[in-house]
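I opened this structure to see where its metals sit and how its helices pack. These are my notes, in the order I looked things up.

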Amino acid sequence: MMRPLRCQLCGETYLGREADRCPYCGAAGKQLVPAAEWVDYGRLELDPNDMEKCRTALGFEVSNWTFYQCCAQKAESIFTQAIFKRLAKHEMEHAELLARIMGAEIPDFKEESCPDTDREKFEEAHLREHRAIKYYLHAAGESRHPRVKEVFRTLSEIEVEHLQISNIYK
Ligand SMILES: [Fe+2]
Ligand SMILES: [Fe+2]
């Protein structure tokens with residue numbers, strides 16, 4: 001029977017038996033907890049250093065979100081379109097999560113352009129994911145708030161999977 005689950009990273013709800021991944025933010029299935037046990041962390045009290053890290057991360061997420069939207073629109077096949085469409089959704093959830101933690105609005109979108117060929121799109125995706133992972137691992141180590149550490153660690157794990165997908169043409 002279906003039951004309500006809720007993602008402990010992004011807060012989205014899911015009706016099902018179990019899931020391998022959160023379909024919204026890409027977190028590992030263990031993050032989907034029974035809805036009644038879900039903890040609402042909401043907005044956090046952040047010191048200025050943690051706030052700055054979240055702001056930088058929010059910039060990466062919005063940029064990658066709009067980049068993947070462009071990639072999905074200009075995808076060369078329905079196969080690669082499916083990948084880019086879901087990557088865009090994951091990054092959107094990451095942006096919304098960071099904005100919620102900070103009590104901030106999602107910053108205005110700057111239109112991101114993307115290359116014409118899928119090979120080049122994945123090459124750029126690789127660089128973008130690599131940059132995010134590096135920053136999130138650094139931020140997880142430096143941040144003071146335990147929930148912020150956990151969020152950065154979990155985001156870095158998801159972006160590692162994105163990085164692996166970006167190697168599809170290698
Ligand atoms: Fe999620
Ligand atoms: Fe992300």
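The entries below cover two metal sites, one helix and one residue.

**Entry 1: the model.** I noted at the start that this is a predicted model.

**Entry 2: iron ion, ligand 1.** Which residues coordinate the iron ion (ligand 1)? I found C7, C10, C22 and C25, each through SG, at 2.3 Å. I then looked at the geometry. The angles among the four donor atoms run from 105 to 113°, and the site is tetrahedral. I wrote down the spacing of the donor residues in sequence as C-x2-C-x11-C-x2-C. C10 lies in the loop between β1 (3–7) and β2 (13–16), while C25 lies in the loop between β2 and β3 (32–34), so this pair ties together parts that are 15 residues apart in sequence. I also looked up burial. C10 and C25 are both buried.

**Entry 3: iron ion, ligand 2.** I turned to the other iron ion. Its protein donors are E61, twice through OE, then E91 (OE), H94 (ND1) and E159 (OE). They lie 1.9 to 2.4 Å from the iron ion (ligand 2). The donor residues follow the spacing E-x29-E-x2-H-x64-E. What does the pair E61 and H94 tie together? E61 is in helix α1 and H94 is in helix α2, so the pair links parts that are 33 residues apart in sequence. Are E61 and H94 buried or exposed? I found both of them buried.

**Entry 4: helix α4.** One donor from the last entry, E159, is listed among the buried residues of α4, so I followed that helix next. Helix α4 covers residues 146–166, which is 21 residues. I read 30 Å from its first C-alpha to its last, close to the 30 Å expected at 1.5 Å a residue. Its buried residues include V148, V151, F152, L155 and I158. H162 and L163 are also among them. Which helices do the buried residues of α4 pack against? I listed α1 (48–73), α2 (78–102) and α3 (118–142).

**Entry 5: F67.** I went back to helix α1, where F67 has its place. F67 is buried, with a relative accessible area of 0%. I asked what F67 is in contact with, leaving aside neighbours within four places in sequence. My list is E112, S113, C114, P115, K121, E124, A125 and R128. I also checked F67 against R144. They are 77 residues apart in sequence and 31 Å apart in space, C-alpha to C-alpha.

Note on methods: Residues numbered from 1 in each chain as written. Chains lettered and ligands numbered in written order. Predicted model: local features only at pLDDT ≥ 70, side-chain atom pairs only at ≥ 80, totals over all residues. Heavy atoms only, no water. Helix = DSSP H or I, 4+ residues; strand = E, 2+ residues; numbered from the N terminus. Expected span 1.5 Å × (residues − 1). Buried < 20%, exposed > 50% of the residue type's maximum accessible area, 1.4 Å probe, protein only. Contact = heavy atoms within 4.5 Å. Donors = N, O, S within 2.8 Å, 3.2 Å for Na, K, Ca; no water. Tetrahedral: all angles 85-135°; square planar, octahedral: opposite > 155°, others 65-115°.
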